[in-house]
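Okay, thanks everyone for coming. I'd like to take a few minutes to walk through one sheet and the helix next to it, so please have a look at the screen.

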Amino acid sequence: MRKKIVTLTLNPVLDKSVTVAGISPNTKLRCTAPTYDAGGGGINVSRAVKKLGMDSLCIYLAGGSTGEHLKQLLDKAGIDQLAIPIKGWTRDNLAVTDTTTNLQYRFGVPGPQVEKKEWEDVLEILEKNLNEEDYLVASGKLPPGMHDDFYVQVAEVAKKKKSRFVLDTSGEALVKATKSKVFMLKPNLGELSSLCGVKSISAMELEKLAKKFLNEHDCEVLVVSLGAKGALLATKNLMEHIPAPTVLQKSTIGAGDSMVAGMIVSLLQGKTYSEMAKYGVACGTAATMHEGTQLCNKNDADNLYQWVLKTQK
Ligand SMILES: Nc1ncnc2c1ncn2[C@@H]1O[C@H](COP(=O)(O)OP(=O)(O)OP(=O)(O)O)[C@@H](O)[C@H]1O
Ligand SMILES: [Mg+2]
């Protein structure tokens, strides 16, 4: 069977964006007609994978009319999906851009409460849909009602099905998950600090901590993303700094998810870990070149990848 990419989003979001000319209290603010986007970690990874020319199966929890809207948006984007029904309504966030200042105000709400039966469904559906050597990419925070050891259970299913678990989350959910087998992690510096149990990490300590983490955990690849500074790739035998190209930055929304998408696409193309991390950086940076939730564009990513390859020779 062909290897495939499966993404998992437990707290997806319907992103609604409007613009308004000036924001002031106690007046009716006349906004433009809204545009809608499907969002949430794993969904962003699936959207970015599609933009990079590959397919994935996007598994997520969805409820209410906002959940229905999410399904339509993913259908329109041509993404294979498996929406697991929940009673609560999928959350919807609002982004308002003030055209007089060009500043964006982003309002986020918590996700719906997820019941025991519903998260049990997730594990069952994963078990049914995963095959040997598939990449299971879980990205994003857990919604209310889900225990912070949920990704541990996901890791166990991935292990049982011999698929490769890739995790991009934060806080306790991330720390707990690393007690199990994880193929690849993509923490940023803050997330790596939580993983290593330290308050902050200086550039001097980074490699040492990455090495220590790999020695103490069942994790094959660690890619620490460093924003405009690029990334550090660490495995048992590799330690490589990859600089990010300097570009005119419009929005960093979805940079991390675009990076993860680029790395998995590379792995499916049989690339080395070093090439994988470089393409990841290229895709992350490509995502910052566009406004809002557009993620990475393949052309930009391919051009930036060539730049990264040249500077690393
Ligand atoms: N300002 C920037 N300039 C160039 N590249 C950037 C910039 N910010 C992010 N990137 C690219 O995106 C990748 C991921 O970004 P970052 O380290 O900010 O991830 P993150 O903190 O997980 O982000 P997210 O908020 O999407 O979760 C970086 O490794 C880099 O390649
Ligand atoms: Mg991130």
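I'll go through the strand order, then the pairing, then the helix. Just keep in mind that what you see is a predicted model.

So, what order do the strands come in? This is an open sheet of four strands, and the order reads β3-β2-β6-β7, with mixed pairing. The edges are β3, residues 35-39, and β7, residues 103-107; each has a single partner strand, so one side of each has no neighbour in the sheet. On average, neighbouring strands here are turned by 25° against each other, ignoring direction.

A quick reminder before the pairing: strands in a sheet pair through backbone hydrogen bonds, and that can be parallel or antiparallel.

Let's take β2, which covers residues 13-20. Towards β3, β2 runs antiparallel, and five bridges join the two. If you want to find that on the screen, look for L14, whose bridge partner in β3 is A38. Then there's D15, which sits opposite D37 of β3.

And how do β2 and β6 pair, parallel or antiparallel? They're parallel, over eight bridges. One residue to look for is S17 in this pairing: its bridge partner in β6 is A95.

Last bit, the helix. That's α2, residues 64-76, and α2 lies across β2, β3 and β6, with β6 being residues 91-98. Relative to β3, α2 runs at about 85°.

That's my tour, happy to go back to any of those slides.

Conventions: Residues are numbered from 1 along each chain as its sequence is written. Chains are lettered from A and ligands numbered from 1 in the order in which they are written. This is a predicted model: local features need pLDDT of at least 70, side-chain atom pairs count only at pLDDT 80 or more; totals for chains, interfaces and linings use all residues. Side-chain values use heavy atoms; hydrogens and water are left out. Two strands pair if DSSP finds at least two bridges between them. Axes are lines fitted to C-alpha atoms, for helices over the stretch in contact, and angles run from 0 to 180 degrees between N-to-C directions. Contact means heavy atoms within 4.5 Å.
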